[in-house]
Amino acid sequence: MNWIKKVFKGCAHKSSEGHYHGHYAEDRQFYAPSGSGDAWREHENEEIDRAIALSLLEESQKGRRVKDDKSQLEDDEQLARAIQESLNFEPPPQYENVNTYQPMPVHFPTGYSRICAGCNTEIGCGRFLNCLSALWHPDCFRCHACNLPISDYEFSMSGNYRFHKSCYKEQYHPKCDVCNHFISTNPAGLIEYRAHPFWMQKYCPSHEHDGTPRCCSCERMEPHDTGYVALNDGRKLCLECLDSAVMDTKQCQPLYLDIQEFYESLDMKVEQQVPLLLVERQALNDAREGEKNGHYHMPETRGLCLSEEQTVSTIRRRPRLGTGNRSMDMITEPYKLTRRCDVTAILILYGLPRLLTGSILAHEMMHAWMRLQGFRTLSQDVEEGICQVLAHMWLLTQFDSASDSNGAWTSSSSSSSRLKKGKRSQLERKLGEFFKHQIESDASPVYGDGFRAGHQAVYKYGLRNTLEHIRMTGRFPH
């Protein structure tokens, strides 16, 4: 034992330090150290007791260090296991605008209770995940979309919900409504797409330049997996608009009578029976070229009020659909327009939905009414603006939103009620809202600004007073 070593070490030390006061004589007689023998033994005993105490203290400290080292070793082993297991699940760098999290290893003291944030039960000694400032059983850390455990090396977050990267992309990354592919990111890493302002149809910017056709009525782009109907004049019509499309002149006659009743309800009866003809795009463009006066809505003219003597080709029988959704077997015939007054005919583009055809007809009928009433030649924004007001008013009568407040919309509530139609399908109501939106949001200075100025005047002064002011001054009242 060390304390015994210290005793012998102490004795040797005293001898070597020369506590012997004698010298060597010639006869080499050895003399003992000075002092009594009892005093020397007492001094030695004190030294031994002190050495024993120091040795016992040292042994006690050594035992405590061994115990502390053993406890530290166990904690280090548990920390190493936590680090190793948490490294089995490491999230990715930030994905788009989604928060991602990196699990941090945690050292748990001995006896610490670990509760799973998913099932609220104790985790025990098995594998666990340390993510989102909580602990989880691996089977409890699940995707909010597919409800399967997330065992991938990366995951994504949306709010407090966890997702597989693929599930998050499927649920939140926008897809193109035309090609049905995920919309790619631009060089800056941002998702860039185009969207229709009314229908909110999302599509890749490239489809604006790759020849993807639009419906000639609702303006939506043709999805690659849905074929639009191709009309004879090159236009395309979506299946929703085709459902209520007016395809020939005969089919349009009931609608023509409805517009005439609408004008009569406003005390604006058109005295002359003006011919109404449905025509193809080329026939309408040819007739427009032959008309000396008038302003035409670009990029596509869809209606025309003629005052010049012309011969046009009208559609006598609607086409039927053939192979590839193409219309065929359409029959046309020439129709000579003779000038007996300032209005010879109203031409409307065929193949448009009933509500769009009716709003165009109401617009062109207003041109005819003003010419037959002898209105002076008006500026384009005033004439086209008031015609758009009448088209907008007719659309309102087709739904429950028709109004006769301040006398602005109808001359009597009874006539307004008589003109209101029955229940429309949800699709047709949506189309009607779109056609109203087109009139209200038109950006052109003639049709758009003209409509807004005319609409404000009619709302403020009423239709009859506004028309009288236009007749006298050629301008809208302020």
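The paragraphs below walk through a predicted model, beginning with a strand and moving on to aromatic rings, charges and cysteines.

A good place to start is strand E11, which covers residues 303–306. In a regular strand the side chains alternate between the two faces of the sheet. Strand E11 can be read with that in mind, for Gly-303 and Cys-305 point one way while Leu-304 and Leu-306 point the other way, and all of these residues are buried. The strand also has a partner, since four bridges join E11 to strand E16, residues 345–349, and the two run antiparallel. Within this pairing, Gly-303 of E11 stands opposite Ile-348 in E16.

From the strands we can turn to the aromatic rings, where the count comes to eleven aromatic pairs. One of them is formed by Phe-198 and Phe-434, whose ring centres are 5.3 Å apart and whose planes make an angle of 50°, so that the pair is classed as tilted, the class for angles that are neither under 30 degrees nor over 60. This pair links distant parts of the chain, because Phe-198 lies in the loop between strand E5 (194–195) and strand E6 (202–203), whereas Phe-434 belongs to helix H10 (residues 426–441), and the two are 236 residues apart. Both Phe-198 and Phe-434 are buried. Phe-434 also pairs with Phe-435, again in a tilted arrangement, with 5.7 Å from centre to centre and 55° between the planes, and Phe-435 is buried as well. Taken together, ring pairs link Phe-198, Trp-199, Phe-434 and Phe-435 into a cluster.

Trp-199 leads us to another kind of contact, for the charged end of Arg-220 sits over its ring, 4.3 Å from the ring centre. A further example involves Arg-235, whose charged end sits over the ring of Tyr-350 at 5.2 Å from the centre.

What, finally, of the cysteines, and how many disulfides does the structure hold? A disulfide is a covalent bond between the sulfur atoms of two cysteines. The structure holds zero of them, and two cysteines show how the distances bear on this. The sulfur of Cys-179 has its closest cysteine sulfur in Cys-176, but the 3.5 Å between them is too far for a bond, because a disulfide requires the two sulfur atoms to be within 2.5 Å. Cys-387 is likewise in no disulfide, and its nearest cysteine sulfur, that of Cys-305, is 8.4 Å away. Both cysteines are buried, Cys-179 with a relative accessible area of 15% and Cys-387 with one of 0%.

Note on methods:
Residues numbered from 1 in each chain as written. Predicted model: local features only at pLDDT ≥ 70, side-chain atom pairs only at ≥ 80, totals over all residues. Heavy atoms only, no water. Buried < 20%, exposed > 50% of the residue type's maximum accessible area, 1.4 Å probe, protein only. Pairing = 2+ DSSP bridges. Phe/Tyr/Trp six-rings, centres within 6.5 Å; stacked < 30°, edge-to-face > 60°. Lys NZ or Arg CZ within 6 Å of the ring centre and 35° of its normal.
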